[in-house]
Amino acid sequence: MEKLPILQFEEKIVETVKKNAVTVLIGETGSGKSTQLSQILFRHGFADSGTICVTQPRRVAAVSVARRVAQEMGVRLGEEVGYAIRFEDRTSTKTRIKYLTDGVLLRESLSDPELSSYSVIILDEAHERSLNMDILMGLVKRLVGIRSSSNFRVLITSATLEGEKVSAFFDGCPVLNVPGKLFPVEVIYTDDVNKNFVEAALKKAIDIHVKEPEGDILIFMTGQEDIERLVQKLEDRVRSLEEGSVMDAVIYPLHGSLPPELQVRVFSPPPKNCRRFIVATNIAETSLTVDGVVYVIDSGYVKQRQYNPQTGMYSLDVVQISRVQANQRAGRAGRTRPGKCYRLYPSVVYNDDFMEAAVPEIQRTSLAGSVLYLKSLDLPGIDILKFDFLDPPSYASLGDALRQLYLIDGIDENGAITSVGRIMAELPLEPSLSRTLIAANENGTLSQALTIAAMLSAETSLLPSFAKGSEKKRKHTPLKLPDGGGLGDHIQLLQIFESWSETKYDIEWCKEYGLQIRGMSFVKDVRGQLCQLLQKMAKCSTDVHGSHKSREKKMGYRNLRKALCVGYANQLAERMMRHNGYRTLGLKSQLVQVHPSSVLQPDEDGMLPNYVVYHELITTSSPFMRNICTVDMQWISPILKKLEKLDINKLSGGFTDSEGGIEGKGQEGLKKEATVEDPAVRDSKINAARERFLARKGKK
Ligand code: CDP
Ligand code: MG
């Protein structure tokens, strides 16, 4: 195999890293950053005094890259080379190179604030700008100062020029450029906008297959759903092509919820004389490199989860990609020889409609978990608003996070972290679920709450889906699942797991009920890990097995639902008298409906319960509450009282001087604060892009 571009720079890299505490490395996707950098440093003794750790924004990437590196070094995965992702740790005392998700590294820094076991930290894929990555950059910047006497080294890699901006953030540290050996890629646009990009992609792919010489086709779709649809259609079409008239073809889906063994399939060498169609999410844009791709088909879209702090509402939107992303996608076609990229949109869309770069996650997600995390670090004089962010989050989203944390007792009215908040920060769960566990621990329902938290943490959907197509494959209709007894989805999830555990976790049982076996086993595993974690923290009664189970059941799960009400204090809703809908109870109330997937449906009289808590608000066709649990009015009143007294001003906390809170400063103040460092850099393209993005959102 040809030498990866990065290896030609081995000496230069080593020399720079020896001389500098922080180095930024910019290199084309596929140049070997993720797999080679750690090995280069390992070869030159950087792992002699500690482990080399490499963060990845995605679980899939952490696992697959670690596996690859172990293979290249000829060691067993989990020994010299290992990985750690949430709920799965495959490392040992032998481990010298460790791949981990950025979330796991953040959590590790809670118990070891100086991350002293690491001699080198590589923050990989900085261009993805995950929320955790942004926070890690701020933390690592501090660490470099604190650990300056040791040989602690930091490397930040990026596939795009944003590396320059990162370098400015790290006080102008050196930037190494590893020129990729990209072959020219011809970009071909369509004349018109394609309304149906699945059909358009199908047509284009078959066209290539029939007319173009060999070479794999990589197709960018937005998510599991359209990927599965396209794969199905491609299979049908390929089969209908006359045998012998075209070469053979195999079709692989590639997305995050695919079982790992199916994900890594694309890395094994393709069968001879066979064209591969790889239908992927933006996971194949920069995180994973599939060799052999000569043709790229780009839908121009990506699925993005966005959070609106004003409404507390999530939406899963299919949005346009940015120009940077489009170019990354095109680049995938020119890795081994000249390639072609078919964009399923006209060039004017690319030039005029696409933003330059994507909105970083920190500006489109709920920050409650991160704010709590930062508060729990006890950094001297920490004020969330003064935290050194590469791109500061908005005033509204910080306010939203503080309010939630206050309502669930994670911080007190002065913004100081509470003892409850500290425990919450240590649990690898969203704040609402960690708070529920703590409340459940106090009222004797921990065992059940653990089950619910684990069920809600499953990465894929567990319950049988009623989508077309999946129906076809199933041989018989699954048996009817427990229905939550009119108390809601959380109770249903609990009942499902408990019924399964009564069968001693029989796989056949899952099959009969149409439940995802892999998902259910994952839940069981997660539940076990959460139990262990809580017991280790010794913050709970050891009654994780639940001796009060039957009593709770008899009582209509009162205590359990009470605990959920505490955890979801920021997620309450009240039924409206006239309409058959709900109004959320908070600073700004929203009108919402019960999600059709909920087990909670109107009773014979057409009535729904008066008060509920919900796991999340999501806008699809209209605003819905998803995963709902009934609660009593009397549990809600104290929360509403708290809400009345709420003073965002104080909650931002950490003010040691008399500057006041964030209220008076508003947006202007925030921006100013953040620009102190380097106005030119701060006022970046990203900010401009974000404004445009928000403007566009507003127009909708
Ligand atoms: O991180 P970067 O995009 O710079 O490249 P990389 O992930 O280190 O990939 C370098 C090479 O290793 C590519 O040619 C990949 O196809 C290959 N690789 C692989 O075969 N299997 C993996 N699991 C990861 C990378
Ligand atoms: Mg990489």
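The buried residues of helix H13 are covered by, among others, strand E14 (301-308), helix H12 (368-376), helix H15, helix H23 (633-645) and helix H24 (648-651). The structure is a predicted model, and H13 is a useful place to enter it. Of the 13 residues of this helix, 11 are buried, so H13 is largely enclosed by the rest of the structure. The buried positions begin with Ser 397, Leu 398, Gly 399, Asp 400, Ala 401 and Leu 402, and the list continues with Arg 403, Gln 404, Leu 405, Tyr 406 and Leu 407. Charged and polar side chains can thus be found in this list, including those of Asp 400, Arg 403 and Gln 404.

The length of H13 can be checked against its residue count. Helix H13 runs over residues 395-407, and at 1.5 Å a residue its 13 residues should span 18 Å; the C-alpha atoms at its ends are 18 Å apart, so expectation and model agree. After the helix comes Asp 409, which has a positive phi, near 65°.

Helix H15 (431-442), which helps to cover H13, also packs against the buried residues of helix H20. The other helices that the buried residues of H20 pack against are H3 (59-73), H14 (419-426), H16 (446-457), H18 (489-502) and H19 (507-512). On H20 itself, the buried residues are Gly 519, Met 520, Phe 522, Val 523, Val 526, Arg 527, Leu 530, Cys 531, Leu 534 and Met 537. The same check of length applies to H20: its 21 residues, 517-537, should span 30 Å at 1.5 Å a residue, and because its end C-alpha atoms are 30 Å apart, the two values agree.

Helix H18, one of the packing partners of H20, contains Gln 495. With a relative accessibility of 18%, Gln 495 falls under the 20% limit and therefore counts as buried. Leaving out residues up to four places away in sequence, Gln 495 touches Pro 482, Asp 483, Gly 484, Gly 485 and Tyr 557.

The description now turns to the ligands. Ligand 1 is surrounded by 15 residues, of which the closest are Gly 30, Lys 33, Ser 34, Thr 35 and Arg 68. Several polar approaches to this ligand involve the protein backbone. A backbone N or O atom of Gly 30 is 2.6 Å from an oxygen atom of ligand 1, and a backbone N or O atom of Lys 33 is 2.8 Å from an oxygen atom of the ligand. At Ser 64, a polar backbone atom lies 3.2 Å from a nitrogen atom of ligand 1. On its own, ligand 1 has 530 Å² of accessible area, and the protein covers 96% of it.

Ser 34, listed among the closest residues to ligand 1, also takes part in the metal site. The magnesium ion, ligand 2, is coordinated by Ser 34 through OG and by Glu 125 through OE, at 2.0 to 2.3 Å. Ser 34 belongs to helix H2 (residues 33-43), whereas Glu 125 lies in the loop between strand E6 (118-123) and helix H5 (131-146), so the pair ties together parts that are 91 residues apart in sequence. Both donor residues count as buried: Ser 34 because its relative accessibility is 12%, and Glu 125 because its value is 3%.

Two further residues illustrate partly exposed positions. Asn 20 lies in the loop between helix H1 (10-19) and strand E1 (22-27), and its relative accessible area of 24% makes it partly exposed. Apart from residues up to four places away in sequence, Asn 20 touches Arg 153 and Pro 174. Asn 20 and Phe 152 are separated by 132 residues in sequence, yet their C-alpha atoms are 9.7 Å apart. Val 324 is found in helix H10 (residues 323-331) and is partly exposed, with a relative accessible area of 27%. Its contacts beyond four places in sequence are Thr 160, Glu 356 and Ala 357. From Val 324 to Ala 358 the C-alpha distance is 7.9 Å, for a sequence separation of 34 residues.

These local views can be set against the whole chain. The chain has 27 helices and 21 strands, and 55% of its 700 residues count as buried. Among contacts with a separation of 6 or more, 75% are between residues 24 or more positions apart. The chain exposes about 31200 Å², with carbon and sulfur atoms supplying 50% of that area.

Conventions. Residues numbered from 1 in each chain as written. Chains lettered and ligands numbered in written order. Predicted model: local features only at pLDDT ≥ 70, side-chain atom pairs only at ≥ 80, totals over all residues. Heavy atoms only, no water. Helix = DSSP H or I, 4+ residues; strand = E, 2+ residues; numbered from the N terminus. Expected span 1.5 Å × (residues − 1). Buried < 20%, exposed > 50% of the residue type's maximum accessible area, 1.4 Å probe, protein only. Contact = heavy atoms within 4.5 Å. Near = heavy atom within 4 Å. Polar contact = N/O pair within 3.5 Å; in protein donor to acceptor, adjacent residues only side chain to side chain. Areas by Shrake-Rupley, 256 points an atom, 1.4 Å probe, with all protein chains shown as cover. Donors = N, O, S within 2.8 Å, 3.2 Å for Na, K, Ca; no water.
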